[in-house]
Amino acid sequence: MKTTTRVAVIGGGVVGCSVLYHLTKLGWSDVMLIERSELTSGSTWHAAGGFHTLNGDTNMAALQGYTIKLYKELEEITGMSCGLHHVGGVTLADNQDRFDMLLAERAKHRYMGLDTHIVSPEEISKIAPITNTDGILGALYDPLDGHLDPSGTTHAYARAAKMGGATIETHCKVIETNQRPDGTWDVVTNKGTIHAEHVVNAGGLWAREVGAMAGVYLPLHPMEHQYIVTDEIAEIYERTEEHPHVMDPAGESYLRQEGRGLCIGFYEQPCKPWAVDGTPWDFGHELLPDDLDKIEESIAFAYQRFPVLETAGVKSVIHGPFTFASDGNPLVGPIPGLRNYWSACGVMAGFSQGGGVGLMLAQWMIEGECERDVTAMDVARFGDWITPGYTRPKVTENYQKRFSVSYPNEELPAARPFRTTPMYDTFDKMGAVWGAQYGLEVVNYFAEGDEPRYETPSFRRSNAWEATAREVKAVREAVGINEVHNFGKYRITGKDAREWLDRIMAGRIPKPGRVSLTPMLSPKGRLIGDFTVSCINETTFQLTASYGAQANHMRWFLQNQSGDVRIDNISDELNGFQIAGPKARDVLQACTRDNISDMKFMDLRRATVGMADCLIQRVSYTGDLGYEIYCDPMSQRALWDALWSEGQNHGMKPFGMRAMMSLRLDRFFGSWLSEFSPDYTPVETGMDRFISWGKNADFIGRAAAEAERASGSARKLVAFEVDALDTDVNAYEPVWIDGEVKGFCTSGGYSHHAGKSIAMALIPTELAVEGLEVEIEILGQMRPARLIIEHLFDPDFSRMRG
């Protein structure tokens, strides 16, 4: 057995073998895989082997498309068969909400280049004739859907990796992983110790146990999953071609042909977490006892949808565990706080996603970043606040929602409330309708009177409409107040703090008492952060950005830490409020004896507000006259009492995130992970106006950003006024120009202030002229839209900067 290697991949399932192959494909040959038993000994061997491209996250869908197309390449490289069956598949919709979801997904697929189609019940009967289409409105047909041989595919990955120089060591159980002072790892096994520069945890069912060896908690959990293979069915074996897949979300089932019969699996509501206190090391080649009672209702529904099942005999029942993360997506990337330790876990759809996971992780390790935004599967999307007690109910919820409609405004209730601020009870009594970000309860809007305390999930305008309009009106005409708890906040201190920030951030680092806005770039010049930088003094700075990105951002900061610099994540150690609107200055001045009337736009000042010692910034995401007021959470209630009491003299109302996202549209402000993400660059999004091109610092990504600045970008972020009906743009709707899809929407919504539906979109730069007439496809309908340039509120900035 080798005793040294560049990369030690722990786990010999399809994901571990994919990672190993992609490392060799990208040029690292000194890599090895360690498997405690045989390859495929975990979830892989009993997987149903289906694959599909449908995914709510467009980047995940693209990676699934990559995975599916990779299989033929693997067969060509190795000469082995993956047992591919490209039979196509339909996803059924039995109500308008499900049909709306399919329409939205089909629209996304247009600009992604995926050849999917909406089909009628009559067409479904021709494509999948065993389907009872009573009550079905339509379906999404994907010709790429299919299934394969799980074992053959995994071994094809393994052979391709070995052809690239990789080593595979089976019957080699990892006992310990110990990090050396230089950041490398000693992987202790029953065959001896392997010294590795990098460790990849692809442990699958044992990922929790492997992670614990390095002191890492991974928020995933195995769930019991059951599918049935039938005896021969004449309607199947008498066909001249293989029957396609059928996904029936109403019945929580997936179905495909298996030999001369059918295979049908279920995501049942009375589901069961497995191995709650840990996966046994001796588990692997066995199945769980049959539990048909658990899927009794699902089977009864399947008999109605697929009548041939009712008379079919059962050939076998496959009941085994699969591992899920809290939100159903994989956990991939470098573990925050650890050097050279990588995750490739929680990939429940291994044969749809395994290839994409392997490619992204290999790019991350070798090139330093991925070719696309992988936030949806980045292990850093969960912070160190997450616990097994939170993970288990969220994983259960995700399993139960596996085939449910995924609404853009839906807030899932499991394991909530968990993390709250001192204002939670106060806001709850005021009628708060809650959302959650990064585990934290955040107000979406406030219900008044007999309005329901629940926002109806919908693809169309929801019952939050009137409340949002009311809150927007208060901000624009008087003054609104909300918390600043859902900002990620960081304190940067030390004599080299300014120099370090000049290298990390692309924009200007402000002087004491001032605030600036700046993008943070990757080495390839892509957007990895959108920050406000506040200079308290020459050795103390405060940064604010997206709350949900804090583990990701801290990982980046610490990876690039140098000199006399201390970096503290103070996201939950600093709280407060923002107030915004024409009366905001009057309210604030009445609450403090310090003079804040002369604070200019982007000024920073410390003052006592009521009884609270506060840091005040004159800036607001609402695009109005506004202030962000930060304080110790211990004094937040006192700060609230002062601001709220005085605010009643000026028409103050609380407002939530629904109003915030409407207000920002008035200024065409971008939003993190909508307009600004690692998929985009500064020039194409307009963030280049915040880059300090003349500063004497070689900031990260400078060369790439300057090259793009010189050559220009092929696309440009613009705003459209949309002739919408009852549905506004959400994200990724295609933009049709002269009968062709030439762009896509990044986000949108309704400007309650202007009374207009607005879409933000990326389109070809040469077409981005005022007045451009386009069509935007929203839920299958072509809606006219016109490119606009002038802001919908305060176009001369007199209120925001005055």
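I began with the domain assignment, which splits the chain into domain 1 (4-367), domain 2 (575-650) and domain 3 (668-788). I note that the model is a predicted one.

I then took up the pair formed by domain 1 and domain 3. Over C-alpha atoms, I find their centres 34 Å apart. I list nine residues of domain 1 and 11 residues of domain 3 in the contact. For the area buried between domain 1 and domain 3 I have about 860 Å², with 64% of it on carbon and sulfur atoms.

Next I looked up the polar side of this contact. I get one salt bridge between domain 1 and domain 3. I looked at the side chains of E777 and R110, which form a salt bridge with an N to O distance of 2.6 Å. I also count two residue pairs in polar contact between the two domains, both at pLDDT 80 or more.

I asked which elements give two or more residues to the side of domain 1 that touches domain 3. I find helix 2 (58-78) and helix 3 (96-112). Helix 3 supplies the largest share of that side, seven residues. By residue class, I sort the domain 1 side into four nonpolar, two polar and three charged residues.

Last, I checked the UniProt record. The unreviewed entry lists residues 367-420 as "domain: FAD dependent oxidoreductase central". In the model I find 39 Å between the end C-alpha atoms of residues 367-420. I note 26% helix and 0% strand for this span. Residue 367, where the UniProt span starts, is also the last residue of domain 1 in the domain assignment.

Terms used. Residues numbered from 1 in each chain as written. Predicted model: local features only at pLDDT ≥ 70, side-chain atom pairs only at ≥ 80, totals over all residues. Heavy atoms only, no water. UniProt positions renumbered as here; feature names shortened; annotations may be inferred. Helix = DSSP H or I, 4+ residues; strand = E, 2+ residues; numbered from the N terminus. Domains from an automatic or database assignment. Contact = heavy atoms within 4.5 Å. Buried area = accessible area lost by both parts, 1.4 Å probe. Salt bridge = Lys/Arg side-chain N within 4 Å of Asp/Glu carboxyl O. Polar contact = N/O pair within 3.5 Å; in protein donor to acceptor, adjacent residues only side chain to side chain. Nonpolar A, V, L, I, M, F, W, Y, C, P; charged D, E, K, R; others polar.
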